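The exercises below are to be worked with the sequence and the model open side by side. Each task is followed by a stepwise solution.

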Amino acid sequence: MKYLTTILTLFFVFPFAFGDLRVGFYGSSCPRAEEIVRQIVQRRFNRDRSITAALLRMHFHDCFVRGCDASILIDSTRGNQSEKAAGANGTVRGFELIDEIKKGLETACPSTVSCADIITLATRDSVAMAGGPRYDVATGRRDGLVSRISDVLLPGPRSTVSAAQQAFAENGMSLDEMVTLLGAHTIGLAHCSFFRDRLNDPNMDPGLRAKLGRICRPKKGDPTTFLDQNTTMVFDNEFYNQIILKRGVLFIDQQLALDPLSSKLVSVFAGNSAAFERSFINAIVKMGNIRVLMGTDGDIRKNCRVFNK
C-alpha cells in the first residue's frame, strides 16, 4: 500500500543536507553528550509528562522557520524582535529545559554541542519516554545567526488540509508526512482560544462539545485540554481513532479524518500502530534535517538564548 511505503528518497530531496550530519557526531568531541541530554530530559519528564508535547512543538516551530537552526530559542532585544515574539510561538514552552541541558553540556564540553542538536535530541528522547518509538538521529547541526519575527509563517490550528499541505510542501514534506506528524497531537494540549470557535461545530462529537464548553466557560484565563481525549499522555496511534469518532479538538485535526486527501491514511494509522510508528520515525527524522547548517556555517552558541558576540 502506497501509504506504508518507506520513504527512500528523503536523502536526496533539496532542502535536506546530510553531508556533515551523522549518528554519533559527538562521539569524540563530547562522548557523554547524548547521555547528558537524556538524563536531564528524564528528570523533567518524571515531573511533567507534558514536556514531550512541548518539545515536539518547539522542534516543529523551529524547523519550519529558517530550518532546524535553533532560531526559535533567541530572545528578543531592543533592536530585534525574534521568532519567540510571534503570535504563533506565544504558547511554545520548554525553553528553560533547553537552557538546563545547554548548561550541563557547556560544563562537560564547552562550545561543542549546538542548541539545534539539543532540541532534536531532547525531542527524540522525550518521545521514547512517553511510550513512542526509539530511533537514532544524526547530529552535527549548527546554530543560526538570524531570528526575526517576520520570518514566522506557520500553519495554524484553523488551517484546512490543503493549506497545511502547502506549508509542509514548502519545507519538502509530503502530505503523508504531514498526516503522520500531526499524529503527535496524541500527547498534545491546546488552549481554548485555539478551538473555542468549534464549540458549535456539527462535526464534533456532542459529548466532547459539551465537555469542552464547560472547560472553556471561565471568562478569565485560557484553559487547556488534551488533543487526544483517551490516552492523553501516551504516544500512540489513538489520536487517529479519536478523530474518526469526530473527537478532534482542533479544526485541522478533525479535517484530517474528513478530507479525502488525508482520510485514507488516517484510517490506516488508526488500525495499525506499527505503521504509524514506522512512518513517524521517517517523518520526524526528515523534518529534523530541514535546511540544517553544517560545517563552518552558523555557530555553536554558548547560550541558546543569545547569539555569540
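**Exercise 1.** Which salt bridge do the side chains of Arg141 and Asp117 form, at what N to O distance?

Conventions come before the solution. This is a predicted model, in which local features need pLDDT of at least 70, side-chain atom pairs count only at pLDDT 80 or more, and totals for chains, interfaces and linings use all residues. Residues are numbered from 1 along each chain as its sequence is written, and side-chain values use heavy atoms, with hydrogens and water left out.

Solution.
- Step 1: The side chains of Arg141 and Asp117 meet at 2.6 Å, N to O, and a salt bridge is a side-chain nitrogen of Lys or Arg within 4 Å of a carboxyl oxygen of Asp or Glu.
- Step 2: Arg141 sits in the loop between α4 (115-129) and α5 (161-169) and Asp117 in helix α4, so the bridge ties together parts 24 residues apart in sequence. Helices (H or I, at least four residues) and strands (E, at least two) are DSSP runs, numbered from the N terminus.
- Step 3: Arg141 has 1% relative accessibility and counts as buried; Asp117 is buried as well, at 0%. Buried means under 20% relative accessible area, exposed over 50%, and partly exposed in between (1.4 Å probe, protein chains only).

**Exercise 2.** Place the salt bridge between Arg158 and Asp197 in the chain, and classify the accessibility of its two residues.

Solution.
- Step 1: The N to O distance between the side chains of Arg158 and Asp197 is 2.9 Å.
- Step 2: Arg158 belongs to the loop between α4 and α5, and Asp197 to the loop between β1 (189-191) and α7 (206-215), so this pair ties together parts 39 residues apart in sequence.
- Step 3: Arg158 is partly exposed at 44%, while Asp197 is exposed at 52%.
- Step 4: For context, the structure holds 19 salt bridges, and Glu34, Arg38, Arg124 and Asp125 are linked in a network of them.

**Exercise 3.** Describe the surroundings of Asp236, an acidic residue that is buried yet has no salt bridge.

Solution.
- Step 1: Asp236 lies in the loop between β2 (224-226) and α8 (238-244).
- Step 2: The nearest side chain of opposite charge, Arg49, is 9.6 Å away. Here Lys and Arg count as positive and Asp and Glu as negative; His and the chain ends are not counted.
- Step 3: Leaving aside neighbours within four places in sequence, Asp236 is in contact (heavy atoms within 4.5 Å) with Thr186, Asp228, Thr231 and Phe276.
- Step 4: The side chains of Asp236 and Thr231 also share a polar contact of 2.8 Å. Such a contact is a pair of N or O atoms within 3.5 Å; within protein, one must be able to donate a hydrogen and the other to accept it, and residues adjacent in sequence count only if both atoms are side-chain atoms.

**Exercise 4.** Where does UniProt place the feature "binding site"?

Solution.
- Step 1: The unreviewed UniProt entry lists Asp62, Val65, Gly67, Asp69, Ser71 and Glu83. They span 22 residues in sequence, yet no two of their C-alpha atoms are more than 12.5 Å apart, so they gather at one spot. UniProt positions are given in the numbering used here, feature names are shortened, and annotations may be inferred rather than shown by experiment.
- Step 2: Val65, in the loop between α2 (51-63) and α3 (95-108), is buried at 1%.
- Step 3: Asp69 is in the loop between α2 and α3 and is buried at 3%.
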